[in-house]
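Here are my notes on this one, written as numbered points. Have the viewer open while you read.

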Amino acid sequence: MSYLRRSPWILHYDGSSCNGCDIEVLACLTPLYDVERFGVVNTGNPKHADILLVTGSVNERNIEIIQNLHRQMPDPKVVVAVGACAVSGGIFARAYNVQGGIDQVIPVDVYAPGCAARPETIIDAVIAGIGVLERKRKVSA
Amino acid sequence: MTPALLVLVFVVLGPVLGGLLAGADRIVSARMQGRVGPPLLQPFYDVGKLFQKRVRRVNPVAEPLLIGHVVFMALAGVLVIGGGDLIFAMFVLALAALFLVLAAGSADSPYSNVGAERELVVLLASEPFFILMMAAICKVTGESTFSGVMDSPVRVAVELPGALLAFLFVITIKLRKSPFDISTTHHHPHQELVRGLTSDLSGRQLGWVELAHWYECALLAVFVVLFFNWSAPLGILAFVVAYGLEVLVDNSTSRAKWQLVLRSAWAVTLVLAGGNLLALYVVGV
Amino acid sequence: MSWTVPVLVGLPTVVGAVLLVVRRAPLRNTLVVVASVLVTAASVAAVAVLADRAGDGGAFFGLPGGMTPGYAVLAMDVVLAGTIIGFGVAHRRWFAPLLALAQLGIAGYLELGHHLPHLEADRLFWVDNLSLIMILVIGVVGPLICVHALGYMRDYHRANPMVRGRRTVFFCLLFVFLGAMFGLVITNDLPLMHVFWEVTTLCSFLLIGYTRTTETIGYAFRALNMNMIGGLGFSLAILILAGQRSGVDLARLTAEPVGGLLLAAVALLALAGLTKSAQMPFSDWLIGAMYAPTPTSALLHSSTMVKAGVFLLLRLSPAMTGSTVGTLVAGIGLLTFLFVSAVAITEQNAKKILAYSTIGSLGLVTGCAGVGTAQAVWVGAMIVIFHALAKGLLFLVVGTLENRLHTKDVEYFDTLLSRMPRVSALALVGIAGMFIAPFGVVVAKWAAIRAFLEVPGWTGAAFVVIMAFGSSLTIFYWGKLLIKILSMRAVDPVERALESRVTRFEWVTETTLAVGVVAVTALLAVLSDHVVSPYAAAAFPSGDAAAGVDPVVVGVTLLAVVFLPILAVSAWRRGGFDQADFYAGGRSTRPDHAMGAALGATRSVTLRGYYLDDVVDGALLFRAGSLVCGLALVAMAVVGWVVAA
């Protein structure tokens with residue numbers, strides 16, 4: 001039996017962004033959406049996390065950070081790109097210091113569109129991420 | 001029940017009780033915040049998951065230390081329940097706590113180190129009370145074992161009201177609940193501590209920490225039962241009430257500085273528990 | 001069995017004298033090693049011979065052929081006083097010479113005026129299980145430290161070329177000291193014991209001042225002054241006892257609780273014990289003594305000489321039990337334990353941390369001796385054994401570290417497991433022996449709390465409160481040190497090579513002591529049943545059954561004995577981990593624990609322990625403790641005066 005699907009712990013990282021998606025991620029934790037119902041915990045520490053939730057785009061200075069955080073997460077792990085910027089760079093895509101979406105630097109498993117991404121979308125994306133997590137566990141086991 | 005059976009019950013059911021308590025804690029906390037909260041069995045899912053994850057080991061000594069943490073925590077409980085000397089069990093309990101400190105400290109990293117050093121402060125703050133509490137319980141009943149105290153005609157809580165009050169205060173520190181969660185934290189990410197003690201632990205390493213914590217909770221429940229030695233159900237009820245108060249305090253306060261934790265814990269221990277013990281001599285035991 | 005005295009006392013003394021003229025290092029090395037083996041063999045043989053008769057209340061015997069020391073005691077007093085006066089005059093220090101003169105005056109008055117009732121020739125020496133324990137501690141730990149010193153002193157002089165090498169004197173003093181210690185723990189005749197007592201004081205004085213800098217000479221005289229205060233107390237006690245029916249017979253004096261003038265004499269002897277064991281307000285001298293070369297600290301100032309103080313107190317325990325003097329002695333010991341444990345938290349110098357811990361452990365023994373029950377002295381004797389092994393080991397390890405790392409600051413001991421894994425393992429065994437439950441000292445602490453709970457009246461409760469706080473304080477400073485030692489990071493090859501330069505003398509001695517710590521822990525029950533409990537039962541025949549060891553405790557002990565080596569082995573099993581993998585807020589980290597910083601810079605990570613400066617003021621606490629214990633001492637003087645009058 002797998003416990004992964006019942007206990008997805010999240011690490012949230014916000015790159016170059018307007019903070020819109022950032023706020024929507026936090027909204028998921030509030031009484032209205034209460035993702036803890038599904039066992040979701042916002043850990044704030046890659047060592048404890050199963051899902052890396054990235055909002056905002058990648059710029060020259062945070063490539064290293066995103067890669068480090070991703071590397072430090074123990075397997076199995078998935079990456080969820082939340083919002084237009086994380087998916088593709090969004091309105092920052094053409095900026096001189098922006099590389100583009102998260103998939104430019106780490107492998108992304110789930111893309112959640114929106115500007116800003118709605119909490120429902122984010123929760124859906126996390127649930128989809130749990131599915132990927134489960135598949136990865138089976139592959140590695 | 002025979003001591004051997006009691007020990008078995010503790011080893012098996014101790015973590016179950018601790019885990020259920022943690023689950024109830026999360027539900028009650030969520031309700032206090034106007035949320036629904038996770039299922040009651042969520043802590044078990046979490047730990048189950050942790051044991052299914054890979055481990056990213058930062059150094060080779062952390063894991064044996066963590067296993068030592070669990071083994072000696074359980075052993076402290078086994079000693080208490082199984083008829084070992086109660087005061088000696090407190091030293092084993094301190095050793096178990098120390099193993100966690102060392103596991104964190106061995107990572108030699110900023111957040112783990114802060115957590116480890118602060119957990120030492122937690123130990124320093126809470127340990128005198130536990131030794132004093134057991135010494136006082138042994139003194140008033142004239143016994144030195146769990147079954148002896150339970151069979152004693154002396155009503156411990158009636159003799160040691162001060163120690164009981166101090167217990168309520170000190171378990172806030174021992175359970176690492178706000179405002180005394182100086183070394184690690186169960187909720188609120190993105191703090192100066194990250195996760196303190198457990199910052200560099202991952203996968204089953206974290207699972208060991210949780211398991212030990214459940215044993216610790218179960219042991220604290222046993223301590224409360226010792227206070228209400230004339231009626232075990234009353235003791236369990238008292239523990240539930242006390243734990244409920246802890247959750248309320250946890251959700252309504254912010255973290256204190258370690259200086260305050262140390263000063264207040266020592267003051268409470270000295271005045272309430274020490275004073276209680278001395279008072280017994282003044283009135284005569 | 002009368003041969004034991006000349007062998008135990010004579011052999012090391014003769015070796016010491018020979019070493020004084022041996023200037024060539026290889027010859028000295030051989031001589032010291034051979035002599036050490038002989039001294040150990042002699043002590044083991046003596047114990048084997050004496051063991052049968054020592055069990056029940058002890059055996060009494062004299063010198064071969066029924067000789068009596070006669071005026072030799074006075075002659076030795078003259079030599080000792082002359083030496084002290086000589087040094088005092090040379091350095092313009094007058095306090096110690098004054099005290100020496102006073103003591104000499106008392107000795108001269110008693111001997112020349114024939115006021116001293118001499119002991120029967122066959123009662124000069126008294127050996128019971130406590131003496132046997134001390135003989136083994138001195139005979140096993142002492143020579144090991146002497147051998148260790150061969151390696152340490154060589155490196156010490158290489159690292160400190162400014163210090164003039166006087167190794168002939170150094171090794172001579174170590175062995176003469178061992179002889180005096182053997183004499184001290186088997187003597188029943190108080191004036192003779194006083195001679196041995198003063199010889200150890202003098203050895204300590206000369207060894208602390210080994211480097212002959214202004215600083216160390218100051219500390220040497222501080223130690224001398226405080227120990228001479230105790231020595232004068234010893235002399236005064238003899239003066240009082242000379243006029244009493246029991247005479248200067250230690251065994252008769254301590255057979256049962258005493259009152260009146262005898263209690264005053266016991267109080268004066270206790271004063272001597274308190275100064276020798278560096279209890280507050282006399283703790284200062286032991287801290288200053290840490291400036292001596294580290295083998296000195298290991299031998300005199302932790303394993304053996306300071307134990308002479310608590311040995312005397314344990315001897316006096318049956319005489320002072322139940323009296324105000326006993327309670328005050330216990331109070332001084334336990335308060336000392338509490339205060340120095342708190343001060344140790346604020347200390348960064350490894351040797352001083354060990355010194356504070358030593359004073360604290362001796363304080364526990366003092367407390368147990370003062371309480372005076374079978375259970376309490378059982379605890380006291382147990383601590384003596386464990387402390388001698390574990391703390392001796394720790395001092396030697398710190399000596400090794402000091403020569404390799406060129407610092408005594410514990411902040412520089414971090415990541416030791418990565419740099420010097422074998423030395424770390426030895427340090428871990430020593431620390432475990434000192435405070436990790438359920439190793440010896442912790443078993444003793446627990447038993448002490450049990451014993452104090454039996455003490456009637458509020459003092460027992462107060463003692464338990466002190467124990468609860470004191471032992472928590474010890475967890476803090478040891479825990480902090482353990483974090484330092486156990487932390488790991490990648491180190492460069494130069495640092496990894498440090499360990500290969502540790503001398504063979506050091507490896508052999510430290511490993512032997514570590515094995516000793518583990519063995520004694522594993523054999524806790526045997527030790528208790530066959531050695532310590534009989535001693536406690538003999539010292540307090542009327543008391544309750546002597547404390548035994550709970551089988552559960554033994555079980556837990558064995559678990560830890562098995563568990564810790566597994567831990568150590570797994571620590572050496574390398575691979576499967578990534579030292580660079582610690583969390584630093586997403587910044588890049590390196591195996592040597594440097595991390596990325598702003599603008600592409602790289603910063604090394606430096607981690608410091610907590611010293612609780614905001615809450616604990618070490619200097620203030622030290623003064624406060626000295627004041628409180630000083631007041632207790634004054635109270636003791638008043639009590640002594642009142643009962644005597």
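1. Let's start with C:Cys146. In this predicted model C:Cys146 sits at 0% relative accessibility, so the residue counts as buried. Its sulfur has no bonding partner, because the closest cysteine sulfur, in C:Cys203, is 11 Å away, too far for a bond.

2. C:Cys172 is also free of any disulfide, with the nearest cysteine sulfur, again that of C:Cys203, 8.0 Å away. A disulfide here needs the two sulfur atoms within 2.5 Å. C:Cys172 has a relative accessibility of 9%, which means that this cysteine counts as buried. How many disulfides turn up over all chains? The count comes to zero.

3. Now the domains of chain C. The assignment splits the chain into domain 1, which is made of 4–70, 118–573 and 608–644, and domain 2, which covers 574–607. Do keep those pieces in mind when colouring the chain: domain 1 picks up again at 608, after domain 2 ends at 607. Between the C-alpha centres of the two domains of chain C there are 43 Å.

4. How do domain 1 and domain 2 of chain C meet, in terms of residues in contact? Domain 1 brings 13 residues and domain 2 brings nine. Together the two domains of chain C bury about 900 Å², and carbon and sulfur atoms supply 39% of that area. On the domain 1 side, the residues touching domain 2 of chain C are five nonpolar, two polar and six charged. Despite those six charged residues on the domain 1 side, the count of salt bridges between the two domains of chain C is zero. What the rule does find between them is three residue pairs in polar contact, with both residues at pLDDT 80 or more.

5. Next, chain A against chain C. Eleven residues of chain A and ten residues of chain C take part in the contact, and the buried area is about 830 Å², with 36% on carbon and sulfur atoms. Which residues of chain A lose the most area to chain C? They are A:Glu64, A:Ile65 and A:Gln72, and together they account for 41% of what the chain A side buries.

6. For the polar side of that same pairing, there is one salt bridge between chain A and chain C. A:Arg71 and C:Asp581 make it through their side chains, at 3.3 Å from N to O. C:Asp581 is worth a click, as its number falls in the 574–607 stretch assigned to domain 2 of chain C. The rule also gives eight residue pairs in polar contact across the interface of chain A and chain C, both residues at pLDDT 80 or more. The chain A residues that touch chain C divide into three nonpolar, four polar and four charged.

7. Last, chain B against chain C. Here 64 residues of chain B are in contact with 66 residues of chain C. The two chains bury about 5600 Å² between them, and 76% of this comes from carbon and sulfur atoms.

8. Polar links show up between chain B and chain C too. Three salt bridges cross that interface, among them the one between C:Arg450 and B:Asp85, where the closest N and O atoms are 2.7 Å apart. Twelve residue pairs are in polar contact between chain B and chain C, again with both residues at pLDDT 80 or more.

Notes
Residues numbered from 1 in each chain as written. Chains lettered and ligands numbered in written order. Predicted model: local features only at pLDDT ≥ 70, side-chain atom pairs only at ≥ 80, totals over all residues. Heavy atoms only, no water. Domains from an automatic or database assignment. Contact = heavy atoms within 4.5 Å. Buried area = accessible area lost by both parts, 1.4 Å probe. Salt bridge = Lys/Arg side-chain N within 4 Å of Asp/Glu carboxyl O. Polar contact = N/O pair within 3.5 Å; in protein donor to acceptor, adjacent residues only side chain to side chain. Nonpolar A, V, L, I, M, F, W, Y, C, P; charged D, E, K, R; others polar. Buried < 20%, exposed > 50% of the residue type's maximum accessible area, 1.4 Å probe, protein only.
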